[in-house]
Amino acid sequence: MAKVNWSAGIDSVSGALAKPSKSGHHSCAKMLLGTHRVAATTSKDCNRVYIRRKVERSTEVTVKELKARSRFAEVGRAVRLRAKDLMQINADQAAFLAQRDTAGGCQTMKAYLWKVCGEAYDEQHGA
C-alpha cells in the first residue's frame, strides 16, 4: 500500500479529489478518491488514495429508475419551495420540533421536509 504524505497544513483529505467529467473534456479520465480513517488506531497511516476508471453503463435505464429520478426531482423542487414559503415556515418548524425527539423522527429540518414532501408526492401519485 502506498503512503500519502500531505503538505504542511493539510491533515487529511476525504472524498473525490478529481472526477471524470460527463462530457469527456476538461477533466481526468479516472476518478481519484482520498479517504481518511477516523477510528482509533496506533498506526499513523490512516489516509488512502484510490484510482477508479470511468465506468460506462452496460444496461438501459429502466422504467423504475426513471420513476425514481422523476420522484427525486419533484420532491426536491417541492422541498426548496416549501422551505421558502413564508406561510408554512412557522407551522413546519413547530411540527418538526414536535416529532424530532420521537422514535423514527427526523433529526434535521431538511430531512423533515423531504419526508413530508415525499409523502405528499406518494399520496398524489398513488405510490
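Is Val75 buried or exposed? Val75 counts as buried, at 1% relative accessibility. The notes below start from the overall layout of this predicted model and come back to that residue.

1. Layout. The protein has three helices and three strands. Read from the N terminus, the order of elements is β-β-β-α-α-α. The points below deal mainly with the helices: H1 covers residues 63–84, while H2 covers residues 89–100 and H3 residues 109–125.

2. Burial and contact range. Of the 127 residues in the protein, 15% are buried. Counting contacts between residues at least 6 apart in sequence, 29% join residues that are at least 24 apart.

3. Val75. This residue is found in helix H1. Once neighbours within four places in sequence are set aside, Val75 is in contact with Trp114, Cys117, Gly118 and Tyr121. For Gly118, the C-alpha atom lies 5.7 Å from that of Val75, although the two residues are 43 apart along the chain. The relative accessibility of Val75 is 1%, so the residue falls under the 20% cut-off for buried.

4. Cysteines. Cys117, one of the contacts of Val75, is itself buried, with 7% relative accessibility. Cys106 is buried as well, at 13%. The structure holds zero disulfides. A disulfide is a covalent bond between the sulfur atoms of two cysteines. To be counted here, a pair of cysteine sulfur atoms has to lie within 2.5 Å.

5. Packing of H2 on H3. The two helices pack at an angle of about 100°, and their axes are 10 Å apart. That angle makes H2 roughly perpendicular to H3, because the range for that description is 65 to 115 degrees. On the H2 side the contact is made by Asp92, Gln93, Ala95, Phe96 and Gln99, and on the H3 side by Met109, Tyr112 and Leu113. By type, the residues of this contact divide into five nonpolar, two polar and one charged.

6. Asp92. Which residues does Asp92 contact, leaving aside its neighbours within four places in sequence? They are Arg82, Met109, Tyr112 and Leu113. Asp92 lies in helix H2 and has a relative accessible area of 4%, which means that it counts as buried. Met109, Tyr112 and Leu113 are the H3 residues of the contact described in point 5.

7. Salt bridge Asp92 to Arg82. The structure holds four salt bridges, and one of them joins the side chains of Asp92 and Arg82, with an N to O distance of 2.7 Å. The pair links distant parts of the chain, with Asp92 in helix H2 and Arg82 in helix H1, ten residues apart. Whereas Asp92 is buried at 4%, Arg82 is partly exposed, with 22% relative accessibility. Side chains of opposite charge can pair when their charged atoms come close.

8. Salt bridge Asp122 to Arg71. Here the side chains meet with an N to O distance of 2.8 Å. Asp122 belongs to helix H3 and Arg71 to helix H1, so this pair ties together parts that are 51 residues apart in sequence. Asp122 is partly exposed at a relative accessible area of 23%. Arg71 is also partly exposed, at 30%.

9. Salt bridge Arg77 to Glu74. What distance, N to O, is found where the side chains of Arg77 and Glu74 meet? The value is 2.8 Å. Arg77 and Glu74 are three residues apart in helix H1, and therefore about one helical turn separates them. Both count as partly exposed: Arg77 has a relative accessible area of 39%, and Glu74 has 37% relative accessibility.

10. Points to check in the viewer. For H1 and H3, look at Val75 with its contacts Trp114, Cys117, Gly118 and Tyr121, and at the salt bridge between Asp122 and Arg71. For H1 and H2, look at the salt bridge between Asp92 and Arg82. For H2 and H3, look at the contact that includes Phe96 of H2 and Leu113 of H3.

How values were computed: Residues numbered from 1 in each chain as written. Predicted model: local features only at pLDDT ≥ 70, side-chain atom pairs only at ≥ 80, totals over all residues. Heavy atoms only, no water. Buried < 20%, exposed > 50% of the residue type's maximum accessible area, 1.4 Å probe, protein only. Axes fitted to C-alpha atoms, helices over the stretch in contact; angles between N-to-C directions. Helix = DSSP H or I, 4+ residues; strand = E, 2+ residues; numbered from the N terminus. Parallel < 35°, antiparallel > 145°, perpendicular 65-115°, else oblique. Contact = heavy atoms within 4.5 Å. Nonpolar A, V, L, I, M, F, W, Y, C, P; charged D, E, K, R; others polar.
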